[in-house]
Amino acid sequence: MFAADIARLRKLGFQGLLFQALNFLTVVSSGLMMWKGLCLVTNSESPIVVVLSYVHRDSTALMLYGTDWLDRGSMEPAFYRGDILFLWNPPNVPYEVGDITVYKIPGGDIPIVHRVIESHLSNTTQLLLTKGDNNDGDDIALYGGMQWLEREHIIGKVRGFLPYVGYVTIAMNDFPQLKYALLGVVGLFLLVQKEQ
């Protein structure tokens, strides 16, 4: 199966392999430049995110299951695990009650997607309180000691989504071998492709 590809690699020689490696690096750097350009245009550090987890706090779960953290889609039915969200963070436009935001708490690893339920605007800053649509209470317990979110914690406002397409990303995070196999196949494909 790979015998013809290996023979083609040997036939390329050192300069041919170097040329193919440079083509691969060009593809990678182009992707990074497009990502950074998208970050600049949307004014967001991460303009595209995948809904990964859906853990929330529930007081009745403490009595039933011995823990007050319950696995349930906090933004269902609006968004489900595996949805890809497109974000926009307009620089001088305040967030309004009802906006769906993605925020990240300092020291937190995973951004959280929840709806703004309360907003207080002053001359210099905007304070926000959020809640998952499917949660019983607000997110103050998630804020890590803070009472409000500030603008600097917001990654962006959700402007669109693609349902379930993000499961590819989830699978690659859950199974790192799949990620390395996919990268290996793409790298091998780029090395053995014929130049037209």
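1. A quick definition before anything else: a residue is called buried when its relative accessible area is under 20%, exposed when that value is over 50%, and partly exposed in between. With a relative accessible area of 0%, Y103 is therefore buried. Please keep in mind throughout that this is a predicted model.

2. Overall layout. The protein chain has four helices and nine strands. Reading from the N terminus, the order of elements is α-β-β-α-β-β-β-β-β-β-β-α-α. Of the 196 residues in the protein chain, 29% are buried.

3. The sheet. Seven strands make an open sheet, ordered β1-β4-β9-β5-β6-β7-β8, with antiparallel pairing. β1 (48–50) and β8 are the edge strands, each pairing on one side only. Inside the sheet, β6 (residues 112–121) and β7 run antiparallel and are joined by six bridges. If you want a register check there, S119 stands opposite L128 in β7.

4. Aromatic pairs, part one. Searching the whole structure turns up four aromatic pairs. One of them is Y80 with Y164, a stacked pair at 6.4 Å centre to centre and 25° between the planes. These two rings come from distant parts of the chain, 84 residues apart: Y80 is in the loop between β3 (69–71) and β4 (84–88), and Y164 is in the loop between β9 (154–162) and α3 (167–174). Y80 counts as partly exposed at 31% relative accessibility, and Y164 also counts as partly exposed, at 47%. Y80 and Y164 belong to one aromatic cluster together with Y167.

5. Aromatic pairs, part two. Y103 and Y143 are arranged edge-to-face, with 5.9 Å centre to centre and 80° between the planes. Here too the pair links distant parts of the chain: Y103 sits in strand β5 (residues 100–103) and Y143 in the loop between β7 (126–131) and β8 (149–150), 40 residues apart. Y143 is buried, with a relative accessible area of 0%, and Y103 is likewise buried at 0%.

6. What does the side chain of D139 touch, given that D139 is buried yet has no salt bridge? D139 is in the loop between β7 and β8, and its nearest side chain of opposite charge, K131, is 7.8 Å away. A salt bridge needs a side-chain nitrogen of Lys or Arg within 4 Å of a carboxyl oxygen. There are polar contacts instead: one of 2.9 Å joins the side chains of D139 and Y103, and another, of 2.5 Å, joins those of D139 and H114. Y103 thus turns up twice in this note, as a ring paired with Y143 and as a polar partner of D139.

7. Salt bridges. The count comes to three. D174 forms one with R81, where the closest N and O atoms are 3.8 Å apart. D174 lies in helix α3 and R81 in the loop between β3 and β4, so this pair ties together parts that are 93 residues apart in sequence. Both ends are partly exposed, D174 at 47% relative accessibility and R81 at 23%.

8. The D99 and K157 side chains meet in a salt bridge of 3.3 Å, N to O. D99 is in the loop between β4 and β5 while K157 is in strand β9, so parts 58 residues apart in sequence are tied together by the pair. D99 counts as buried at 15% relative accessibility, and K157 is buried too, with a relative accessible area of 12%.

9. R115 and D133 also meet through their side chains in a salt bridge, at 2.8 Å, N to O. R115 is in strand β6 and D133 in the loop between β7 and β8, 18 residues apart. R115 is partly exposed at 24% relative accessible area, as is D133 at 31%.

10. Some loose ends. The charged end of K179 sits over the ring of Y180, 5.9 Å from its centre. V186 lies in helix α4 (residues 176–192) and is partly exposed, with a relative accessible area of 38%. V186 and F24 are 162 residues apart in sequence, with 9.3 Å between them in space, C-alpha to C-alpha. I110, in the loop between β5 and β6, counts as partly exposed at 45% relative accessibility. I110 and L52 are 58 residues apart in sequence and 8.4 Å apart in space, C-alpha to C-alpha.

Terms used
Residues are numbered from 1 along each chain as its sequence is written. This is a predicted model: local features need pLDDT of at least 70, side-chain atom pairs count only at pLDDT 80 or more; totals for chains, interfaces and linings use all residues. Side-chain values use heavy atoms; hydrogens and water are left out. Rings of Phe, Tyr and Trp (its six-membered ring) pair if their centres lie within 6.5 Å; planes under 30 degrees apart count as stacked, over 60 as edge-to-face and the rest as tilted. Buried means under 20% relative accessible area, exposed over 50%, partly exposed in between (1.4 Å probe, protein chains only). A charge sits over a ring if NZ of Lys or CZ of Arg is within 6 Å of the ring centre and within 35 degrees of the ring normal. Two strands pair if DSSP finds at least two bridges between them. Lys and Arg count as positive and Asp and Glu as negative; His and the chain ends are not counted. A polar contact is a pair of N or O atoms within 3.5 Å; within protein, one must be able to donate a hydrogen and the other to accept it, and residues adjacent in sequence count only if both atoms are side-chain atoms.
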